[in-house]
Structures are given as C-alpha cells and as structure tokens.
Amino acid sequence: MKTALITGITGQDGSYLTEFLLAQGYTVHGIIRRSSVFNTNRIDHVYKDPNAVNGHAQLFLHYGDLSDPGLLTELIYNIRPDEVYHLGAQSHVRVSFDMPEYTGNITAMGTTRLLEAIRRSGVRPRFYQASSSEMFGAAPPPQNERTPFAPQSPYAVAKLYAYWMACNYRDAYGLFACNGILFNHESPRRGETFLTRKVTRALAFMLSGKQRTVYLGNLDARRDWGYAPEYVQMMWLMLQQDQPDDYVVGTGQTHSVREFVEDAFAYVGIELEWRGAREHEQGIVRSVASRWDHVLRPGDVVVQVLPKYFRPTEVDVLQADITKVRQRLHWEPRVLYHDLVRIMVDYDLLFEGLEPPGEGIAVEQTLGYTWIQQPPYNVTGGLDSYQRMPIKAERRLASTVAELLAQVESDDLVE
Ligand code: NAP
Ligand code: F7E
C-alpha cells in the first residue's frame with residue numbers, strides 16, 4: 001500500500017484528504033506545527049495513538065515547519081513517501097497584505113524547501129502543489145489553464161512563485177509534479193475568518209442570541225465557490241494519471257459575497273435589504289418568515305460594512321473554465337453553490353446546538369462520501385440523531401470563540 005506525506009494536514013483540505021487517503025488504504029504522514037494550544041482538532045477523530053494501538057495506526061504526525069529545510073529533508077528521507085501533498089501555507093489573502101514577507105517565506109519559499117528536500121533526499125514521490133485561482137487575479141473570467149496570471153496580493157504572488165517552482169522541478173528534474181489550480185472551496189471545516197464560514201457562523205450565533213451584527217468588507221466581489229471534499233479527491237486523482245499536468249478545478253459558476261449573505265439568511269427564512277453605499281452599506285432584516293422571528297426582527301442591522309475589511313487590491317471575479325478536468329479526468333462537481341450554502345448553514349446551526357432546516361445535510365448524505373468521518377455523516381436516523389451526536393465539544397468551542405470574536409471585532413485584527 002502507498003504512503004503519503006501531507007503538509008498542512010491540520011487545515012480544511014488536509015483533514016479531508018487524510019480521511020480520503022486512509023479510506024483508500026494509504027498510510028498517511030502529516031507535518032504539524034508546534035503550538036501552545038491544540039491545533040489538530042480537524043484530524044483528532046482519525047488519529048490513533050501509535051503507542052496505544054500497537055503498530056496498527058495508519059496516520060502518523062510529525063512536528064515540522066515549512067521554514068525548516070533540514071527537517072523537511074529528514075522527514076522525506078525517513079518516510080520515503082510515494083506521494084507528497086503540499087497544502088501547507090499562510091493561506092489568508094487579507095492577512096498576506098499585513099504579513100507579505102512571512103507569506104513569501106512560507107507560501108513561496110516553503111515550496112522550494114520541500115522540493116529541494118525531495119531532490120536532495122533522492123526519494124522520488126509524486127508531488128501535488130496547492131495552487132490557487134488567486135493567481136489569476138485581475139484576469140477576466142472565465143479562467144482556465146491558459147489564462148495569463150495577474151496576481152493581486154502577496155499571497156497570490158507567493159502562490160505563483162510556488163506554481164512555477166513545481167513546473168521547474170518537473171521540467172528540470174523530471175519530478176512528477178502537478179499543480180491543482182483550485183478555485184475557492186468551502187465546508188463546515190472552513191477556517192472561521194474566510195468569508196463563507198464567517199457568514200454562516202455569524203448567522204448561527206445570531207440565531208442563538210450571541211451576536212447581533214457581522215462586519216464585512218467588499219460585498220460585490222464574485223467567487224466560484226465549491227465543496228472542499230470533492231476537491232481533495234481531485235488532488236489525489238491528478239497524482240494517479242500517467243503524466244503530470246496542471247488542472248483548473250472549480251464549479252464554473254460565480255456568485256457575489258452579497259448573494260452569499262442573502263442566500264444564507266434566506267435559507268432560514270430571513271429576507272434582507274441593503275441600505276447605504278460601499279463602505280457605509282448595511283444589511284437589514286426586511287422580514288422573518290420562520291421560527292426565528294423571536295430572535296431577529298425587521299429593522300435589525302445584521303451586516304455592517306467596515307472599510308478595514310476591504311483589501312488594498314481586490315480580485316473582482318473568479319469563475320473557472322473546467323473544460324480540461326471534464327475532458328481529461330471526467331470530473332463534474334456535484335455540490336454547487338446553493339447546496340453549499342445549505343450545507344454550511346446546517347452545520348453551523350448544529351454546532352450551535354440549534355436544529356437546522358436539514359436540506360444541506362440531506363444533500364450531503366445522498367453524495368455517499370462515506371470516507372468523511374466528521375461532522376457525523378455516517379449516522380442514520382435523521383436530524384434527531386445528529387442532535388445527539390458528540391458535538392458538545394464543538395458547542396463549547398463555539399461559545400468560547402463567540403466571546404473572542406466579540407473582542408476581535410473591536411480591535412485591529414483584520415481578516
Ligand atoms: P488552511 O485551512 O488555512 O490550512 C493551511 C495549513 O497550512 C494548516 O494546516 C496550517 O497549520 C499549515 N501551515 C501554515 N503555516 C505553516 C508553516 N509555517 N509550516 C507548516 N504548516 C503550515 O488552508 P486550506 O483551505 O486547507 O487550503 C489548503 C491549501 O490550498 C493552502 O495551501 C491554500 O493556500 C490552498 N488553496 C486553498 C483554496 C481554498 O479555497 N481553500 C483554494 C486554492 C488553494 P495550522 O493548522 O497550524 O495553522
Ligand atoms: O474572501 C470578500 C473578500 O477570504 C472571499 C483562500 O482559501 O480562496 C481563498 O481566498 C471574498 C473576497 O477568500 C469579507 O474581499 C468581504 O473577495 O473567503 P475569502 P479568498 O480571498 O478568495 C483562494 C482561492 C485561496 O487560494 C485562498 O487560500 O470575500 N470579503 N468581506 C471578505 N472576506 C473575508 N475573509 N472577510 C470579510 O469580512
């Protein structure tokens with residue numbers, strides 16, 4: 001059986017990819033960062049202590065960092081992986097404007113360090129580079145593998161450097177290196193400060209009475225939002241081909257931030273209207289046609305635009321042209337935007353201990369992704385069973401984070 005090494009295993013994609021590879025019978029090794037708090041909550045449910053299970057563990061975690069080249073070489077040499085999935089990065093676009101040098105160090109140079117570790121160790125794994133649609137930046141949509149890159153942030157510039165390094169190691173040393181140029185992909189495990197999750201969590205907090213308003217930036221940017229579990233399967237598929245190549249992965253649809261907010265609220269029966277312009281704009285409750293009418297009322301300001309959330313340069317429209325993955329890898333996205341909104345709202349309500357409408361969870365159950373182990377996909381018996389699932393820890397976390405968020409919104413941290 002194959003062995004995979006994943007950088008960024010504790011992130012959204014790393015956690016789904018781990019579950020997927022374990023289900024394929026892989027032995028999986030992951031690099032985690034030393035932290036003063038636990039940072040493995042997305043993979044805890046699949047981790048078994050190797051000391052306790054007497055050699056039956058298939059998932060192994062190693063301390064490391066993309067800033068530490070010697071350690072990367074040692075890990076590659078000792079693990080001798082068949083496949084390396086390089087997902088680790090400073091991945092937040094807004095933060096990259098505040099930390100451009102750090103972003104370059106980790107997101108760009110971290111890739112070179114890993115590629116060099118592979119080259120110097122003499123091990124010849126297949127290599128997946130987590131490239132990004134942000135690299136297209138200002139290029140008009142739809143974007144495909146032949147679209148000229150026009151990056152608009154330090155993050156995008158760093159990813160573009162890493163993209164070319166993967167191409168260069170393919171050409172120069174014959175490395176089986178693939179760039180997956182993935183458009184935005186989201187899930188109930190998405191980081192809490194990315195737009196979709198920020199909105200769906202805030203909505204859940206509002207419905208449980210913990211938050212009154214969510215503070216956002218540019219409402220008119222448009223993104224091609226897909227469902228993360230489908231995209232990690234594509235990472236694997238790229239490395240199973242006869243020849244290495246680069247592929248755009250997205251849904252082919254594009255929706256604005258404003259639409260995402262409206263649709264998330266509409267899913268729980270709350271209609272919004274917008275007042276004011278650009279940095280003074282507000283989203284206000286127009287009507288509540290649901291059981292939440294005792295929590296939110298017409299006139300409540302639930303969205304407030306704040307200039308500090310605007311980016312110095314924005315990517316206005318991203319929309320994937322997925323002709324190549326359709327034709328070569330025979331792939332079609334199954335979860336499109338409207339179902340994605342429902343899935344994310346359902347789970348954030350569940351995490352808050354609220355009963356969700358359930359349409360998103362129902363969609364997800366029909367997909368048959370039995371390799372996803374958490375949130376609790378494998379439960380039978382409907383929503384009542386979900387309510388009894390062991391989500392108490394998530395609930396506790398949510399209330400703590402809610403308190404923290406209240407502080408964050410009043411200080412200078414901008415994500
Ligand atoms: P994510 O949730 O932010 O995860 C990033 C991962 O990188 C985390 O495991 C993080 O560790 C790790 N990491 C950060 N700095 C590191 C360092 N110095 N050394 C080692 N590991 C480090 O990102 P994601 O959404 O899963 O995305 C996965 C990859 O795909 C990223 O490279 C991202 O840039 C790229 N990408 C994402 C999307 C998307 O829409 N999600 C689209 C295109 C490309 P901690 O948990 O300790 O922070
Ligand atoms: O922003 C706008 C923001 O931070 C989406 C990363 O995974 O996908 C992600 O990058 C849009 C932008 O994702 C807020 O200006 C408005 O136009 O969720 P996001 P992103 O920047 O597109 C790409 C493909 C990656 O590779 C990245 O790693 O939403 N927006 N108001 C906001 N965004 C955030 N975060 N917070 C706001 O308050």
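This report walks through the two sheets, the helices packed on them and the two ligand shells of a predicted model.

## The parallel sheet

Let's start with the sheet that has seven strands. It is open, its pairing is parallel, and its strands follow the order E3-E2-E1-E4-E5-E6-E11. At the edges stand strand E3 (59–63) and strand E11 (247–249); each has a single partner strand, so one side of each is left without a neighbour in the sheet. On average, and with direction ignored, neighbouring strands here are turned by 20° against each other.

For a look inside this sheet, take strand E1 (residues 3–7) and strand E4 (residues 83–86). They run parallel and are joined by four bridges. Within this pair, Ile-6 stands opposite Tyr-85 in E4.

## Helices on the parallel sheet

Two helices are worth finding here. Helix H2 (residues 69–79) packs on the sheet and touches E1, strand E2 (27–32) and E3. The direction of H2 makes about 165° with that of E1.

Helix H7 (residues 228–239) also packs on this sheet, where it touches E4, E5, strand E6 (177–182) and E11. Between the direction of H7 and that of E6 the angle is about 155°.

## The mixed sheet

The other sheet to look at has four strands. It is open too, with the order E8-E15-E14-E13 and mixed pairing. Strand E8 (214–216) and strand E13 (270–275) are its edge strands, each pairing on one side only. From one strand to the next, the twist averages 25°.

Two of its pairings can be followed residue by residue. Strand E14 (residues 282–288) pairs with strand E15 (residues 301–305) in the antiparallel sense over three bridges, and Val-301 in E15 is the bridge partner of Ile-284. E13 and E14 pair in the antiparallel sense as well, over six bridges; here Glu-271 has Ser-287 in E14 as its bridge partner. The hairpin of E13 and E14 has six residues between the strands, and in this hairpin Gly-276 takes a positive phi near 85°.

## Helix H8 and its crossing with H10

Helix H8 (residues 257–267) lies across E8, E13, E14 and E15, and runs at about 145° to E13. H8 also meets helix H10 (residues 337–351): their axes come within 10 Å and cross at roughly 60°. The two helices are therefore oblique to each other, and their crossing is right-handed.

Which residues make the contact between H8 and H10? From H8 come Phe-260, Asp-263, Ala-264 and Tyr-267, while H10 brings His-338, Val-341, Arg-342 and Val-345. Sorted by class, this contact has five nonpolar, one polar and two charged residues.

## Helix H6 against H10

H10 has a further helix to pack with. H6 and H10 meet at an angle of about 45°, their axes 9 Å apart. That angle makes H6 oblique to H10. The crossing of H6 and H10 is right-handed.

On the H6 side, the contact is made by Thr-196, Arg-197, Thr-200, Arg-201, Leu-203, Ala-204 and Leu-207; on the H10 side, by Met-344, Val-345, Asp-348, Leu-349 and Phe-351. By class, the H6 contact with H10 has seven nonpolar, two polar and three charged residues. Val-345 is a residue to keep an eye on, as this H10 residue takes part in the contact with H8 and in the contact with H6.

## Around ligand 1

Ligand 1 is surrounded by 26 residues, and the closest are Gly-8, Gly-11, Gly-88, Ala-89 and Ala-130. Helix H1 (12–23) and strand E5 (126–132) each supply at least two residues of this shell. The largest share, three residues, comes from H1.

What is the make-up of the shell around ligand 1 by class? There are seven nonpolar, 16 polar and three charged residues.

## Around ligand 2

Ligand 2 has 22 residues around it, with Val-93, Ser-132, Leu-195, Gly-217 and Ala-221 the closest. Helix H3 (93–98) and helix H6 (195–207) are the elements that give two or more residues to this shell. H6 thus links two parts of the picture: this helix contributes to the shell of ligand 2 and packs with H10.

By class, the shell around ligand 2 has eight nonpolar, seven polar and seven charged residues.

Definitions and conventions
Residues are numbered from 1 along each chain as its sequence is written. Chains are lettered from A and ligands numbered from 1 in the order in which they are written. This is a predicted model: local features need pLDDT of at least 70, side-chain atom pairs count only at pLDDT 80 or more; totals for chains, interfaces and linings use all residues. Two strands pair if DSSP finds at least two bridges between them. Axes are lines fitted to C-alpha atoms, for helices over the stretch in contact, and angles run from 0 to 180 degrees between N-to-C directions. Two residues are in contact if their C-beta atoms, placed from the backbone, lie within 7 Å. Angles under 35 degrees count as roughly parallel, over 145 as roughly antiparallel, 65 to 115 as roughly perpendicular and the rest as oblique. A crossing is left-handed if the near helix is turned anticlockwise from the far one by less than a right angle, and right-handed if clockwise. Ala, Val, Leu, Ile, Met, Phe, Trp, Tyr, Cys and Pro count as nonpolar, Asp, Glu, Lys and Arg as charged, and the others, Gly among them, as polar. A residue is near a molecule or strand if its C-beta atom, placed from the backbone, lies within 6 Å of it.
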